[in-house]
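Student: Hey, can you walk me through this one? I'd like to go piece by piece and ask things as they come up.
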Amino acid sequence: MHIDQIIKESVVEAIGSLYGQTVDTSAVQIQNTRKDVEGDMTVVVFPFLRFSKKAPEQTGEELGKYLTENVDLVENFSVIKGFLNLMIAQNYWLSVLESAAADDTFGFAQPQEDSPLVMVEYSSPNTNKPLHLGHIRNNLLGYSIGEIIKANGNKLVKTNIVNDRGIHICKSMYAWQQWGEGKTPQSTGIKGDHLVGDFYVLFDKHYKQEISELVEQGMSKEDAEQKAPSIVAARDMLRKWEAKDPEVTMLWQTMNQWVYAGFDVTYKELGVDFDKIYHESDTYLVGKDEVFRGLKEGVFYQREDQSVWADLTKDGLDEKILLRSDGTSVYMTQDIGTAKLRFDDYKIDKMIYVVGNEQNYHFQVLSVLLDKLGYDWGKGLHHFSYGMVELPHGKMKSREGTVVDADDLMAEMIEVARKTSEELGKLEGYTDEELNKTYKIIALGALKYFMLKVDPKKNMLFNPEESIDFNGNTGPFIQYTHARIRSVIRKATKKGIQLSFDLDSTLNLSEKEQELIKSLSLYPTVVKEAGDIYSPALIANYIYSLVKEFNQFYHDHTILGEEDESVRNFRLVLSQTIADIVKSGMGLLGIEVPERM
């Protein structure tokens with residue numbers, strides 16, 4: 001049982017014994033004692049004054065006296081106004097360390113047979129362009145949330161929905177058909193998703209030129225945007241695709257395969273994966289069937305132009321189109337179909353969509369629509385909404401080709417890691433193979449940590465150079481501390497020092513040593529809280545705080561040079577346990593920590 005719970009139950013017992021009153025543990029407020037006050041845990045006394053009918057100081061004194069006399073791990077206490085500060089016995093902290101050191105899964109809950117099955121959807125790329133900086137944040141958040149959900153004892157399914165159909169796909173296809181000159185990834189040496197993305201940009205260039213020419217001929221801009229030859233041809237191509245025209249279907253399959261091959265390379269480099277990938281080309285038809293069923297049952301209605309709509313005004317929303325007048329579907333149609341397929345495939349208890357905050361309204365609507373279609377799980381959908389990510393030079397636009405490409409960014413990060421490491425002389429004596437592997441680990445650690453340490457709901461500015469600093473709240477700083485601890489352990493092993501997890505109970509711990517054990521004891525609580533609110537940032541900032549504290553301890557205390565064997569053993573066990581927690585916590589963020597750096 002965690003110390004918070006022990007203290008809460010002991011305070012409840014004290015209230016019953018001293019004042020003859022019954023209170024729930026939820027009424028007991030406990031916090032870590034302030035750094036400038038002696039003590040480990042602080043109990044807020046004010047809620048109990050109505051039972052004691054006494055001043056805060058006297059009530060605190062009575063509770064403190066009861067706890068020191070009746071609870072072995074409470075050694076002493078002090079009262080400051082309405083706050084009861086408890087000093088916890090050193091033996092308790094040693095037992096916490098022994099327990100953490102011996103537990104390979106410390107901080108994690110183990111899944112049971114009846115554990116909930118949670119599905120997390122992330123990535124959601126379009127097959128008309130490569131993955132970009134925004135996708136990186138999405139993928140990293142989705143993967144990390146999945147790992148945190150698993151660490152909290154849930155079963156997990158990671159899914160991706162690929163938007164592989166629609167007018168944006170047809171724009172790339174039409175541009176390749178018109179101006180592609182038969183180019184392929186093989187003939188050009190260009191990665192497939194990049195090649196298709198180039199044609200999407202090319203389409204926009206020609207389309208804008210056509211609009212400009214039509215406006216010069218006297219047409220209004222709005223009419224020109226609808227009647228430009230390129231957009232008319234792309235729309236015609238979409239209709240042919242939905243009618244399963246063989247030539248259009250063949251081109252669509254070919255170009256999509258180029259893109260999937262490119263995506264696979266990027267996902268592997270980024271270190272994310274999926275248990276199942278859904279494709280909009282499969283799910284939109286299921287969605288259309290559901291919309292027609294809703295129309296038949298009177299849940300939806302049809303307008304004169306044959307378009308199908310949902311009236312959600314009574315739900316505090318507006319009217320939402322589900323099928324266009326020409327019978328083609330919209331994103332919402334596809335999402336209805338995807339949700340139905342997923343719940344047919346898996347008995348999901350919870351569905352989490354990792355999608356940017358610009359889609360907040362979309363998921364409000366989706367939840368209501370699924371509920372209206374009779375699906376119990378509709379209202380239980382959770383939209384994990386996150387803010388946008390930008391580079392110092394501003395927003396990105398796919399059509400204009402100003403997007404920060406994910407592959408380019410990762411390559412740039414590896415180059416920054418190489419330069420920084422060379423300047424600092426951190427990796428001297430490595431082989432070329434070891435260097436390249438370590439540069440990549442540092443680069444991706446920097447990228448992932450910088451992205452995940454920020455509250456997901458906030459928009460963020462990503463700065464590659466700042467992220468790769470070996471000091472401060474960065475991935476490389478944490479990785480370097482982990483490598484430093486592993487180096488100490490390796491040296492101990494070389495000297496023939498055997499670690500014993502059976503620690504000497506007569507040790508006299510320094511304040512920093514006790515603080516460090518207190519900090520590591522919080523890991524399970526942090527993992528649980530991160531799982532409750534889906535926040536990788538909680539894990540990231542906890543690990544940084546732990547590492548910072550360890551470095552202060554390392555600076556002030558001798559480890560291998562300590563002559564007292566029991567003290568040396570304790571410090572080695574403490575250091576190794578910190579390293580294990582750092583590796584575990586960074587693992588929840590999808591970050592590797594090297595053994596050497």
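Student: What phi does Tyr534 take, just after helix 20?
Tutor: Tyr534 takes a positive phi of about 50°. Keep in mind that this is a predicted model.

Student: And helix 20 itself, which of its residues are buried?
Tutor: Helix 20 covers residues 523–533, and Tyr523, Val526, Val527, Ala530 and Gly531 are buried there.

Student: Where do those buried residues of helix 20 fall, seen down the axis?
Tutor: They fall within an arc of 135°, so they line one face of helix 20. The general idea is that an α-helix has 3.6 residues a turn, so residues three or four places apart point the same way.

Student: OK, and what do the buried residues of helix 20 pack against?
Tutor: Four helices: helix 5, helix 19 (511–521), helix 21 (536–556) and helix 22 (565–588).

Student: Helix 5 got a mention there. What comes between helix 5 and strand 6?
Tutor: A loop, and Asn154 lies in it. Helix 5 is 133–151 and strand 6 is 155–162.

Student: Is Asn154 buried or exposed?
Tutor: Asn154 has a relative accessible area of 17%. The cut-off for buried is under 20%, so Asn154 counts as buried.

Student: What does the side chain of Asn154 reach?
Tutor: The backbone oxygen of Ile149, at 3.0 Å. If you skip neighbours within four places in sequence, Asn154 is in contact with Pro111, Ser115, Pro116, Val118 and Ile149.

Student: Switching to sheets. What's the strand order in the one with 5 strands?
Tutor: The order is 7-6-5-11-12, in an open sheet with parallel pairing. Strand 7 (276–279) and strand 12 (382–386) stand at the edges with a single partner strand each, so one side of each has no neighbour in the sheet. On average, neighbouring strands of this sheet are turned by 25° against each other, ignoring direction.

Student: Which helix packs on that sheet?
Tutor: Helix 12, residues 280–296, which touches strand 6 and strand 7. The direction of helix 12 makes about 60° with that of strand 7.

Student: How many bridges join strand 5 to strand 6?
Tutor: There are 5, and the two strands run parallel; strand 5 is residues 117–121. As one example of who faces whom, Met119 stands opposite Val157 in strand 6.

Student: What about the loop between strand 5 and helix 5, which residue should I look at there?
Tutor: Try Ser123, which lies in that loop. Ser123 has a phi near 90°, a positive value in a residue other than glycine. Ser123 is also buried, with a relative accessible area of 2%.

Student: Where else is there a positive phi in a residue that is not a glycine?
Tutor: Gln306 has one, at about 80°. Gln306 sits in the loop between strand 8 (301–302) and strand 9 (308–311). With 46% relative accessibility, Gln306 counts as partly exposed.

Student: So what sheet do strands 8 and 9 belong to?
Tutor: An open sheet of 3 strands in the order 8-9-10, with antiparallel pairing. Strand 8 and strand 10 (319–323) stand at the edges, each with a single partner strand, so each has one side without a neighbour in the sheet. Strand 8 and strand 9 are joined by 2 bridges, and Gln302 has Val308 in strand 9 as its bridge partner.

Student: Which helix lies across strand 8, strand 9 and strand 10?
Tutor: Helix 12 again, running at about 120° to strand 10.

Student: Last strand topic: how are the faces of strand 2 covered?
Tutor: On both sides. Met41 and Val43 are on one side, Thr42 and Val44 on the other, and all are buried. In general, side chains in a regular strand alternate between the two faces of the sheet.

Student: Who does Met41 stand opposite in strand 4?
Tutor: Leu86. Strand 2 and strand 4 (residues 83–88) run antiparallel and are joined by 4 bridges. Strand 1 (residues 30–32) also pairs with strand 2 in the antiparallel sense, over 3 bridges, and there Asn32 stands opposite Met41.

Student: And how confident is the prediction, what's the average pLDDT?
Tutor: The average is 93, and 98% of the residues score at least 70. Over residues 395–401, though, pLDDT stays under 50.

Conventions
Residues are numbered from 1 along each chain as its sequence is written. Side-chain values use heavy atoms; hydrogens and water are left out. Buried means under 20% relative accessible area, exposed over 50%, partly exposed in between (1.4 Å probe, protein chains only). A polar contact is a pair of N or O atoms within 3.5 Å; within protein, one must be able to donate a hydrogen and the other to accept it, and residues adjacent in sequence count only if both atoms are side-chain atoms. Contact means heavy atoms within 4.5 Å. pLDDT is the predictor's confidence in each residue, from 0 to 100. Two strands pair if DSSP finds at least two bridges between them. Axes are lines fitted to C-alpha atoms, for helices over the stretch in contact, and angles run from 0 to 180 degrees between N-to-C directions. The arc is that of the directions from the helix axis to the C-beta atoms.
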